[in-house]
Amino acid sequence: MPTVAEARVQYQVVLWDRQSPINGVPAADVLIARDDIPDGGAVYLIVRDGQVIYFQPHKPGVTGFQPMTEAEALQYADQYVTMLACADLPITAAATPNPAAVNAVVEVTA
């Protein structure tokens, strides 16, 4: 069974330079089309199989479009890649009856 670490290797985190195209779309077009990219903040991309699958231009889960530092962007990206890798793993579940027969104990491993 694969591990989270093994599943993570299929993802690459890139700090976008605001000049490189994204999935063939010129950077200038991306910048014009999006109104959620704060000035001066880091933008991270998550790449799988050579394609950008995730574009994050601001702090996720925070009201408004607050810019990220490069360190914050890498930390958020790492958390997101872990979530994606966990979602890629098969889920196995085993139910063991409680000795008191009141409830069952369920263990889920990924």
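# A tour of the fold, stop by stop

Contacts come in short and long range along the chain: among those with a separation of 6 or more, 51% join residues 24 or more positions apart. Keep in mind that this is a predicted model.

**Stop 1: the whole chain.** Show everything as a cartoon. The secondary structure comes to three helices and five strands. Trace the chain from its start, and the pattern reads α-β-α-β-β-α-β-β. Now switch on the surface. The accessible surface is about 7100 Å², and carbon and sulfur atoms hold 56% of that. Of the 110 residues, 26% are buried.

**Stop 2: the sheet.** Select β1, residues 11-15, and β3, residues 51-56. Add β2, residues 44-48. These three strands make an open sheet, ordered β1-β2-β3, with antiparallel pairing. Which strands stand at the edges? They are β1 and β3. Each has a single partner strand, so one side of each lacks a neighbour in the sheet. Look along the sheet for the twist, which averages 25 degrees from one strand to the next. What holds paired strands side by side? In general, strands of a sheet pair through backbone hydrogen bonds.

**Stop 3: β2 against β3.** Zoom in on this pair. Five bridges join β2 and β3 in the antiparallel sense. Find Ile46, which stands opposite Tyr54 in β3. Then find Tyr44, whose bridge partner in β3 is Gln56. Follow the chain from β2 into β3: the two form a hairpin with two residues between them. Select Asp49 in that turn, where phi is positive, at about 55 degrees.

**Stop 4: the helix on the sheet.** Select α3, residues 70-88. How does α3 sit relative to the three strands? This helix packs on the sheet and touches β1, β2 and β3. Its direction makes about 160 degrees with that of β1.

Now pick Val81, which lies in α3. Is Val81 buried or exposed? Its relative accessibility is 2%, so Val81 counts as buried, the cut-off being under 20%. Show what surrounds this side chain. Beyond its sequence neighbours up to four places away, Val81 touches Arg8, Tyr11, Val13 and Ile46. Try a distance as well: from the C-alpha atom of Val81 to that of Val47 is 9.8 Å, with their positions 34 residues apart along the chain.

**Stop 5: the cores.** Nonpolar side chains tend to be buried together in soluble globular proteins. Select Trp16, Ile22, Ala27, Val30, Ile37, Val43, Leu45, Val47, Val52 and Phe55. These 10 residues form the largest nonpolar core. Which elements give two or more residues to this core? They are α2 (27-33), β2 and β3. Apart from this core lies another, of nine residues, including Ala42, Tyr44, Ile46 and Ala77.

Go back to the largest core and centre on Phe55. Leaving out residues up to four places away in sequence, Phe55 touches Trp16, Ile22, Val30, Arg34, Ile37, Val43, Tyr44 and Leu45.

**Stop 6: Gln56.** Step along to Gln56, also in strand β3. Gln56 counts as buried because its relative accessibility is 6%. Show its side chain together with that of Tyr54: a polar contact of 2.8 Å joins them. Outside its neighbours within four places in sequence, Gln56 is in contact with Ala42, Val43, Tyr44 and Met68.

**Stop 7: Asp36.** Now leave the strands. Asp36 is in the loop between α2 and β2. Buried or exposed? At 10% relative accessibility, Asp36 counts as buried. Select Arg34 too, and look for the polar contact of 2.7 Å between the two side chains. Setting aside residues up to four places away in sequence, Asp36 touches Pro57, His58 and Phe65.

**Stop 8: Arg48.** Finish in strand β2, where Arg48 is found. Arg48 is partly exposed, with a relative accessible area of 27%. Which residue shares a polar contact with its side chain? The side chain of Gln10 does, at 2.9 Å. Aside from neighbours within four places in sequence, the residues in contact with Arg48 are Gln10, Tyr11, Ile53 and Asp88. For a last distance, pick Gln12: the C-alpha atoms of Arg48 and Gln12 are 6.5 Å apart, though 36 residues separate them in sequence.

Notes: Residues numbered from 1 in each chain as written. Predicted model: local features only at pLDDT ≥ 70, side-chain atom pairs only at ≥ 80, totals over all residues. Heavy atoms only, no water. Helix = DSSP H or I, 4+ residues; strand = E, 2+ residues; numbered from the N terminus. Buried < 20%, exposed > 50% of the residue type's maximum accessible area, 1.4 Å probe, protein only. Contact = heavy atoms within 4.5 Å. Pairing = 2+ DSSP bridges. Axes fitted to C-alpha atoms, helices over the stretch in contact; angles between N-to-C directions. Areas by Shrake-Rupley, 256 points an atom, 1.4 Å probe, with all protein chains shown as cover. Core = buried A, V, L, I, M, F, W, Y, C linked by side-chain atoms within 4.5 Å. Polar contact = N/O pair within 3.5 Å; in protein donor to acceptor, adjacent residues only side chain to side chain.
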